[in-house]
Amino acid sequence: MSESNFKDKYKERFKKRTEEASTVRKIVSTILITLIVVIAVGGFSGYMYVKGALEPVDPDDNSQQNVEIPLGSSTSQIASILEENEIIKNDLIFRFYTKFNNETGFQAGDYQFTQSMKLNEIIETLKTGRLVKEPVFNVTVPEGQSIEQIAEIYAEKLDFTKEEFMEKVNDKTYIKELMSQHSALLTDAILQEDIRYPLEGYLFAATYPFYVDDPSIEQVVSKMIQKTESVVLPYTDAFEANDLTIHEGITMASLVENEARTAENRKKIAGVFYNRIGEKMPLQTDPTVLYALGEHKDRVLYEDLEVESPYNTYHVNGLPIGPISNFNANSVAAAAEPAENSFYYFLADSEGNIYYAETLEKHNELKAKYITGS
């Protein structure tokens, strides 16, 4: 083989190897780029999938979902229950999330979840046994409201009528269920024959947060009674020291609420009521007359005082048969721990100033000076 032929063949083989190497590099590059793109797309898709699974199922849906977590449920079982009830999007992601964040101590029970809840809110709820969420709305129930007025307040805010609310709170079967659940607060006294409404006075004045769009009447009432328990029951011993039952203490608090605006005057007036009870004098407080009449009036007339009712303290000695409204916490404090004084009478002028007297003669003088102007 001549030298020129050898060189030509060498160059041809070199050119071919170079072309093959170039092709290999192109193939490898293409494969690597493809893999990088696949990994990137897959990673991004995976990120978006996980991110989506961690978000609420429906941020705008605040309707309640009743979910039962049985006793002894594992995290996996809880995750499955939540996914089945459409409270979370993915049970596997929930399990990983709780594992990586060392979330444990979930409690069994009946829960009211919403699809708008975030994962951390659901987890905190399961750990504490209570709903942990920003309220959907608040309802304020002022002091001195009768149960009919409370029914009107809720009927304006929620998806039930005043009539439906009143029917429920007068249902004897329902009342007895509540009594079994709140036996320290709700006694047989609320079922006395002449009691107008069993829960009158037992639905505490406060601002109540609600975490679902459509709370039931039962949920509303339960929340309010629990609040009453938390405020009233600490005074149980104080009521007993004053020879009052819980029912009588709540009744006294409702009277004090309707007679004075300030904590100081409420304590003084409670002292007056105790003094009159001690002397077996009728309490003669006008708000009980209005309650007995079942109507609001700007002025109580002498003929109104004669209404025969166990609520009318001009007609009966001592406390009325039951509360006439709800009340403020300081009215309960006044009823349990009244100010000691020697007064038996009081009256309020048109500006709400209250004047006290030890005798009827002095009371009539104050009345002439501040009320009748004679």
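The exercises below, each with a worked solution, deal with a predicted model.

**Exercise 1. Arginine 266**

Task: Find the helix that holds arginine 266, decide whether this residue is buried or exposed, and list its polar contacts.

Solution:
- Step 1. Arginine 266 belongs to helix α11, which covers residues 263-278.
- Step 2. A residue is buried when its relative accessible area is under 20%. Arginine 266 has 5% relative accessibility, so it counts as buried.
- Step 3. The side chain of arginine 266 makes a polar contact with the side chain of glutamate 257, at 2.9 Å. The side chain of arginine 266 also reaches a backbone atom, the oxygen of alanine 260, at 2.9 Å.
- Step 4. With residues up to four places away in sequence not counted, arginine 266 touches Val256, Glu257, Ala260, Arg261, Asn328, Asn330, Ser331 and Ala334.

**Exercise 2. Helix α11 and what follows it**

Task: Compare the span of α11 with the expected value, then say what its buried residues pack against.

Solution:
- Step 1. Helix α11 has 16 residues. At 1.5 Å a residue, the expected span is 22 Å.
- Step 2. From the first C-alpha to the last, α11 reaches 23 Å, which is close to the expected value.
- Step 3. The buried residues of α11 include Asn265, Ile269, Val272, Phe273 and Tyr274. Arg266 is also one of them.
- Step 4. These buried residues pack against two helices, α10 (246-259) and α13 (329-336), and against the strands β5 (345-348) and β6 (354-357).
- Step 5. Just after α11, lysine 280 takes a positive phi of about 55 degrees.

**Exercise 3. Helix α13**

Task: Explain why α13 is described as largely enclosed, and find the residue that caps its N-terminal end.

Solution:
- Step 1. Six of the eight residues of α13 are buried, so the helix is largely enclosed by the rest of the structure.
- Step 2. The buried residues are Ser331, Val332, Ala333, Ala334, Ala335 and Ala336.
- Step 3. Their cover includes α8, α9 (236-241), α10 and α11.
- Step 4. The N-terminal end of α13 is capped by asparagine 328, which has a side-chain oxygen 2.8 Å from the backbone nitrogen of asparagine 330.

**Exercise 4. Two residues with positive phi**

Task: For glutamate 86 and glutamine 284, give the phi angle, the loop and the exposure.

Solution:
- Step 1. Glutamate 86 is not a glycine, yet it has a positive phi of about 60 degrees. Glutamate 86 is in the loop between α2 (75-84) and α3 (91-100).
- Step 2. The relative accessible area of glutamate 86 is 47%, so this residue is partly exposed.
- Step 3. Glutamine 284, which is not a glycine either, has a positive phi of about 50 degrees. Its loop runs between α11 and α12 (286-293).
- Step 4. Glutamine 284 has 36% relative accessibility and therefore counts as partly exposed.

**Exercise 5. Glutamine 192**

Task: Locate glutamine 192 and describe its surroundings.

Solution:
- Step 1. Glutamine 192 sits in the loop between α7 (172-181) and β4 (206-210). At 34% relative accessibility, it counts as partly exposed.
- Step 2. Neighbours within four places in sequence are left aside; glutamine 192 is then in contact with His247 and Ile321.
- Step 3. Glycine 322 is 130 residues from glutamine 192 along the chain, and their C-alpha atoms are separated by 9.2 Å.
- Step 4. A polar atom of the glutamine 192 side chain lies 2.9 Å from the backbone oxygen of alanine 189.

**Exercise 6. Rings and nonpolar cores**

Task: Describe the aromatic pairs, the charges that sit over rings and the nonpolar cores.

Solution:
- Step 1. The structure holds 13 aromatic pairs. One of them joins tyrosine 111 and phenylalanine 113, 5.3 Å centre to centre. Planes under 30 degrees apart count as stacked. The angle here is 20 degrees, and the pair is stacked. Both residues are buried.
- Step 2. Ring pairs also link Phe137, Tyr154, Phe160, Phe165 and Phe210 into a cluster.
- Step 3. The charged end of lysine 168 sits over the ring of tyrosine 174, 4.9 Å from its centre. Arginine 196 lies over the face of tyrosine 291, at 4.4 Å from the ring centre.
- Step 4. The largest nonpolar core has 65 residues, and Tyr154, Phe165, Leu186, Leu199 and Val221 have the most contacts inside it. Helix α8 (residues 217-232) gives the largest share of this core, seven residues. Apart from this core lies another, of 17 residues, among them Ile69, Leu82, Ile87 and Ile88.

Definitions and conventions. Residues are numbered from 1 along each chain as its sequence is written. This is a predicted model: local features need pLDDT of at least 70, side-chain atom pairs count only at pLDDT 80 or more; totals for chains, interfaces and linings use all residues. Side-chain values use heavy atoms; hydrogens and water are left out. Helices (H or I, at least four residues) and strands (E, at least two) are DSSP runs, numbered from the N terminus. Buried means under 20% relative accessible area, exposed over 50%, partly exposed in between (1.4 Å probe, protein chains only). A polar contact is a pair of N or O atoms within 3.5 Å; within protein, one must be able to donate a hydrogen and the other to accept it, and residues adjacent in sequence count only if both atoms are side-chain atoms. Contact means heavy atoms within 4.5 Å. The expected span of a helix is 1.5 Å times one less than its number of residues. Rings of Phe, Tyr and Trp (its six-membered ring) pair if their centres lie within 6.5 Å; planes under 30 degrees apart count as stacked, over 60 as edge-to-face and the rest as tilted. A charge sits over a ring if NZ of Lys or CZ of Arg is within 6 Å of the ring centre and within 35 degrees of the ring normal. A nonpolar core is a set of buried Ala, Val, Leu, Ile, Met, Phe, Trp, Tyr and Cys residues joined through side-chain atoms within 4.5 Å.
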